[in-house]
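Me: Could you walk me through this model, starting with the overall picture and then going into the local details?

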Amino acid sequence: MTDPIPAAGRTDIGPPAPSAPETPPTAPDPRQVGSPLSDGEWHRLHPLTPLFRGGLFLVVVIGIVIANFRDRLIELFFPLPAGRNGRAAPPDPIDYVLSHDLAVVAVLVVVGVAALLVGAFYVSWRFHTFRITGDDVEVRSGVLFRSHRQSPLDRVQGVNLTRPMVARLLGMAKLEVVGAGLDANVKLEYLSTSSAEAVRADILQLASGRQLAERALRGEPRTRREAASSAVSEGITGLIVGAEQPVEDPSSVVHIPIGRIVASHLLSGSTIGLVILIAAIVVGAVLGTPWILFAVLPTVLGFGAYWVRGITKTLRYSIAPRSTGVRITFGLFTTVTEVLPPGRIHAVEIRQSVLWRPFGWWSITVNRLSGGSAAQSAADPFTTVLPVGAREDVAKVLQLLLPAMPEAEWPVVFDDGVLGPRADDPYTNTPRRARLLRLLSWRRNGFLLVPGVLLLRRGFIWRTLGIFPLARAQSFGLEQGPLARALGLAAVTVHTIAGRVTGNLGVVDRDAALALFADVSAATVAAAATDRSHRWAGGEDLS
């Protein structure tokens, strides 16, 4: 029997096994979609998709050609003498072909290889199709080994849009539909930029269940032939026009000056560590081992590339509210955009290092379902939703990420949580008898439960405030080791999906931890029963 509801990101390899007839997919309501590519029929991607997906192979081929013809290329621009000591330089492949009258054969071989490549790219493009139905986003690819991936719309966590630099010059972009599972993402690479924007909006609208205004009177193409014609026309236009078409970009609520971006990277822990390392090596070289300077050169070059990459990724940063969630964009050369529904955020952390404290700068990271593997989740660029911001920037971003937070609770989040502790501290902190275990941060190390949210405050050198919506919490636990048992202490942990935000808080009074356990248990059940934030964009409650 076939699954009535396919698992997120399912992949079937090889020829399909005989099975019972499947129910035909449901076509999307025409009132819910704005692109002819979202009509429930199979469509092909941009004609240049095979070229970009096979880019590594082409780079290798070009490298081999350049390596074999380097002498000819050098001689073309810089004529050289016959050779050293009067001896002629060894012939290159062109000289060999011409001297043996193999020019026709060589041309035929080159044409044949080019024809094979074009044919392989064409076949790959023909067999790489996608469709968007009322239930799933599906992608089929492969010639000898077929792959069919499905992402159910009711499990879509968001849709990322990425525009690499070369693709932007040709007016192309790729979409990644983020699913609710490990390695569950479905990629549409590549589409024209305008088509990618329209398809992403359609997927979000279909996933949220929101009904759009009537579109039938506008006269958009609805038949399969008209949809295919529209897609091919947009692809050809992208090839002719070239540069990226204007994309709707809502006004950002936060603007980060370039000077702040550069200064925040200079005042990072990695930069300070590199300076200390270089100073130690210079001292060692002065004391009698100058060769050690060469050992640090690769490290400096590697860090310089990492530092520049970190700055360019932060440039063009914007964050703005949309009807489908919070839209985050960043990147100077490769521009990446994600619409992050607030109901899909599982944890938020506000962080400040001691180096940023004189300037009042903070960063914000989140835990969210990424749909990638464990390694991809660890390097997920969307975990940082605010690279560096002042107090007013942090407040604006938090209001976008946590719209359900009662207004009366914002003072305990920022004034007491981020900046605290103050004189009248509402947080339950580490008791004085255990202050030696948190020598610098025992007054700050604490928790606070407010309606629907648990706040965990930690750190003195690196100040952090973890915000955990109880409706998204997976579980809550208490731990107690031998030393904690002797001192009447415990550690509390909020379990969420894997990410950079951790929900651990140690050195808490045992009785306070037990009371918190009972309160969180009741509050989590109540929050899960009343939460509707996962129905983003004002969608219908289908439960």
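**Overall picture**

Reply: Of the 543 residues of the protein, 42% count as buried. This is a predicted model, and its secondary structure comes to 16 helices and 21 strands.

Me: What about the surface, how much is accessible and what share belongs to carbon and sulfur atoms?

Reply: The accessible surface of the protein comes to about 28700 Å², and carbon and sulfur atoms account for 65% of it. As for contacts, taking those between residues at least 6 apart in sequence, 61% join residues at least 24 apart.

Me: Let's go to strand 18. How many of its residues are buried?

Reply: Strand 18, which spans residues 463-469, is mostly covered, with seven of its seven residues buried. Arg 463, Leu 465, Ile 467 and Pro 469 point one way from the strand, while Thr 464, Gly 466 and Phe 468 point the other way, and all are buried.

Me: And which strands pair with strand 18?

Reply: Strand 12 (residues 345-352) pairs with strand 18 in the antiparallel sense over five bridges, and strand 17 (residues 453-458) is joined to strand 18 by six bridges, again running antiparallel. Gly 466 is a useful place to look, since Glu 349 stands opposite Gly 466, and Leu 456 also stands opposite Gly 466.

Me: What happens to the backbone in the hairpin of strand 17 and strand 18?

Reply: That hairpin has four residues between the strands, and Gly 459 takes a positive phi near 85° there.

Me: Which residues other than glycine have a positive phi?

Reply: Two to look at are Arg 316, with phi near 60°, and Val 507, with phi near 55°. Most residues other than glycine have a negative phi. Arg 316 is placed in the loop between helix 11 (292-314) and strand 9 (318-322), and at 43% relative accessibility Arg 316 counts as partly exposed. Val 507, by contrast, sits in strand 21 (residues 504-509) and is buried, with a relative accessible area of 11%.

Me: What sheet does strand 21 belong to?

Reply: Strand 21 belongs to an open sheet of three strands in the order 19-20-21, with antiparallel pairing. Strand 19 and strand 21 stand at the edges with a single partner strand each, so one side of each is left without a neighbour in the sheet. On average, neighbouring strands of this sheet are turned by 25° against each other, direction ignored.

Me: How many bridges join strand 20 to strand 21?

Reply: Four bridges join strand 20 (residues 489-495) to strand 21, and the two run antiparallel. In strand 21, Val 508 is the bridge partner of Ala 490.

Me: Changing topic: how many aromatic pairs are there?

Reply: With ring centres required to lie within 6.5 Å, the count comes to four aromatic pairs. Tyr 122 and Trp 125 have their ring centres 6.0 Å apart and their planes at 45°, so this pair is tilted. Both are in helix 5 (residues 103-126), where, being three residues apart, Tyr 122 and Trp 125 are separated by about one helical turn.

Me: Are Tyr 122 and Trp 125 buried or exposed?

Reply: Tyr 122 counts as partly exposed at 45% relative accessibility, whereas Trp 125 is buried, with a relative accessible area of 18%.

Me: What about Phe 476 and Phe 517?

Reply: Phe 476 and Phe 517 form a tilted aromatic pair, 6.0 Å centre to centre with 45° between the planes. Phe 476 lies in strand 19 (residues 475-479) and Phe 517 in helix 16 (residues 510-530), so the pair ties together parts that are 41 residues apart in sequence. Phe 476 counts as buried at 14% relative accessibility, and Phe 517 as partly exposed at 35%. Elsewhere, Trp 356, Phe 359 and Trp 361 form one aromatic cluster.

Me: Which arginines lie over the face of a ring?

Reply: Arg 44 lies over the face of Trp 125, at 5.7 Å from the ring centre, and Arg 457 lies over the face of Tyr 427, at 4.3 Å from the ring centre.

Me: Last one: where are there cis peptide bonds?

Reply: One joins Glu 189 and Tyr 190, with omega about 10°, and Tyr 190 lies in strand 8 (residues 186-192). Another joins Gly 420 and Pro 421, also with omega about 10°, and Pro 421 is found in the loop between helix 14 (410-418) and strand 15 (428-429).

How values were computed: Residues numbered from 1 in each chain as written. Predicted model: local features only at pLDDT ≥ 70, side-chain atom pairs only at ≥ 80, totals over all residues. Heavy atoms only, no water. Phe/Tyr/Trp six-rings, centres within 6.5 Å; stacked < 30°, edge-to-face > 60°. Buried < 20%, exposed > 50% of the residue type's maximum accessible area, 1.4 Å probe, protein only. Lys NZ or Arg CZ within 6 Å of the ring centre and 35° of its normal. Pairing = 2+ DSSP bridges. Axes fitted to C-alpha atoms, helices over the stretch in contact; angles between N-to-C directions. Contact = heavy atoms within 4.5 Å. Areas by Shrake-Rupley, 256 points an atom, 1.4 Å probe, with all protein chains shown as cover.
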